[in-house]
2 protein chains.
Amino acid sequence: MITYVQVLLLSTWSTTDTSDLKAVQIRPAWRAQVLKEADPTSEALEDATIQQRIHGRLRTDIMLGRIAPGEPLTIRGLAEKLGVSAMPVREALRRLAAEQAIELLGNRRVRIPIMSVNRFEDLLAARIALESEAAVRALPHITAETIAEMERHDTALDAAMARNDYDQWLAANFAFHRTLYAARPDSIFLPLIESLWLQVGPFLRMALENVGPSYTVDRHVEALQALRERNVMALRIAIEADLRDGITHLGQRLMRLDEALTLPAKHQGRRPKSRKISPPPA
Amino acid sequence: MITYVQVLLLSTWSTTDTSDLKAVQIRPAWRAQVLKEADPTSEALEDATIQQRIHGRLRTDIMLGRIAPGEPLTIRGLAEKLGVSAMPVREALRRLAAEQAIELLGNRRVRIPIMSVNRFEDLLAARIALESEAAVRALPHITAETIAEMERHDTALDAAMARNDYDQWLAANFAFHRTLYAARPDSIFLPLIESLWLQVGPFLRMALENVGPSYTVDRHVEALQALRERNVMALRIAIEADLRDGITHLGQRLMRLDEALTLPAKHQGRRPKSRKISPPPA
DNA sequence: ACATTAATAGTGTGATCACAGTTGACTTGT
DNA sequence: ACAAGTCAACTGTGATCACACTATTAATGT
């Protein structure tokens, strides 16, 4: 008899070290979902540079969690896959690294950053601090059209949730918030907030696929109501509650994970402050 | 090759089906801490890539306001000035653009973003929101050495102010705050905050040269006192007061400076109309 | 047999070149 | 003398190649 463990995938990586092995079944849904080809969005090629298109594509792929953490990302590989030269790809990757979306490790490896309890809590706190402030500062610029567009995104969100389309669910959720914050012209908040989304996206996607959507109370309608009433305090509360509700109990399970994992591996000692992967001993 | 996963334990059950079994290693908070790229603070690294050195140098130059807004920045010009090829320079510029430090205009022009009243107020609000939160979250990790280092930066700040050395004044001020926020390991706040510093830096420098240092009350000693007492509320208040006091009445003179900035740069090209980032599919 | 070493394929970095579009000083026309 | 038109130099973008280094595979030794 074999004991199976249902787990929430946080990250994957590869190595040749075979010490300390345990058997776990991996659900097929976790298999690496590589970039979908022929993404019909194709925001109008316009006159954008190739680097911009590559960047935008990889950006949405990461934000919506279409790229699994641990999946190998190489310049030449992406260039060949996307049918372009290596030049635009490396600039796009450099840009994504500056946005904290990917990590460029020193050993010629690129990966999506690993999620940890501390990092998750920090990301949530930063999102609440920035997004509630951005919402309040966007409030004076809200028009009826803005609210209408947010409502459209909200209905798209419900529809996506109804058919368990996590991809569209995440996209609609981000679009809902983005239209709110982008109402203020020349907002310096949006780039910072989207950097946070890029860091949370891959984890949210995996959490959704394993736990399912967790919105019991629709905070979006509360936010919309606060917008109509021009109620600053209600808006701030709604945004914070939206972020906290949709995420917190994922964070609670994350806590248990940390306990469950630190316990059996206590003999590994404290986590090293800074450790380099040592080259093969000569 | 073996694939490892970092997982969150959700549930366990038993069965006899052994299909689709894979070997994984469960190690909590495992971090492949290979040297990350771009440690922005310490640019004195010896084995860094050329692109990293260029990026770090331009980064501090912008943050301390050594590059005047409107000064022409070209890839080949910087490459020749720094004695390197154009390749590292363009990647460094791309990275700085992603950090909101510079603007890549559509008409083949690069510039430091111009300051406006709205943008300045947004930057101040974002700094307060992020930095006070980062300070509070760093508080549990503060040690005596941290406070000692911050005091050293504070004395350096006073010394720089005494001799009107705005360059060192700004550097010491940023270093003071950075050591505080960096006390929390793996802080995701620091990159976001430094992005804000990069946007405020050029303007602060110009304001200093035109108005002079404006610290009447030293909020840094209050912050240090709050750190020693582990007083969360006092720390938050001190940080916010520090940012607000040091900047606010600079903002009052912002109007005149804004005119002075936009006036001589009339032929710098129009603001890019389509500066928004490509939204994900909705 | 297993660990160690050598070899090979593959990686990011940096340099150089071609190209289309822009800039800005110069030429030209009146 | 002054404005409009012109052209050469310059710009960022993208492609291709060389190089040092790495990780994976294959060969080797004990």
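Student: In this predicted model, which helices each supply at least two residues of the surface near DNA strand D?

Tutor: Good place to begin! Both protein chains take part, so to speak, and each gives two helices. From chain B come helix H2 (75-82) and H3. From chain A come H3 and helix H1 (50-63).

Student: Which residues come nearest to DNA strand D?

Tutor: There are 17 residues around DNA strand D. Those that come nearest are drawn from both chains: Arg76(B), Arg90(B) and Arg108(B), along with Ile50(A) and Ser85(A).

Student: How far is the side chain of Arg76(B) from a base nitrogen of DNA strand D?

Tutor: Let's look at the bases of this strand. Arg90(B) has a polar side-chain atom 2.9 Å from a base nitrogen of DNA strand D. For Arg76(B), the distance from a side-chain N or O atom to a base nitrogen is 2.7 Å.

Student: What part of DNA strand D lies 3.2 Å from a backbone N or O atom of Ile75(B)?

Tutor: Here the protein backbone is the part to look at. A backbone N or O atom of Ile75(B) is 3.2 Å from DNA strand D, and its partner there is a phosphate oxygen.

Student: Now for the other strand: which residue has a backbone N or O atom 2.4 Å from a phosphate oxygen of DNA strand C?

Tutor: Two residues of chain B are worth checking. Gln51(B) has a backbone N or O atom 3.4 Å from a phosphate oxygen of DNA strand C. The residue with the 2.4 Å distance is Ile50(B).

Student: How many charged residues does the surface near DNA strand C have?

Tutor: Sort that surface by class. Five of its residues are nonpolar and five are polar. One of the residues closest to the strand is Arg76(A), and arginine counts as charged. The number of charged residues is seven.

Student: Are H1(B) and H3(B) parallel, perpendicular or oblique to each other?

Tutor: Start with the axes, which come within 8 Å and cross at roughly 50°. Angles under 35 degrees count as roughly parallel, and 65 to 115 as roughly perpendicular. The crossing angle therefore makes H1(B) and H3(B) oblique.

Student: What is the handedness of that crossing of H1(B) and H3(B)?

Tutor: You can follow the crossing through the residues in contact, including Ile54(B) and Leu58(B) of H1(B) and Val89(B) and Leu93(B) of H3(B). By class, this contact has nine nonpolar, three polar and three charged residues. The crossing of H1(B) and H3(B) is right-handed.

Technical notes:
Residues numbered from 1 in each chain as written. Chains lettered and ligands numbered in written order. Predicted model: local features only at pLDDT ≥ 70, side-chain atom pairs only at ≥ 80, totals over all residues. Heavy atoms only, no water. Near = heavy atom within 4 Å. Polar contact = N/O pair within 3.5 Å; in protein donor to acceptor, adjacent residues only side chain to side chain. Helix = DSSP H or I, 4+ residues; strand = E, 2+ residues; numbered from the N terminus. Axes fitted to C-alpha atoms, helices over the stretch in contact; angles between N-to-C directions. Parallel < 35°, antiparallel > 145°, perpendicular 65-115°, else oblique. Left-handed = near helix turned anticlockwise from the far one by under 90°. Contact = heavy atoms within 4.5 Å.
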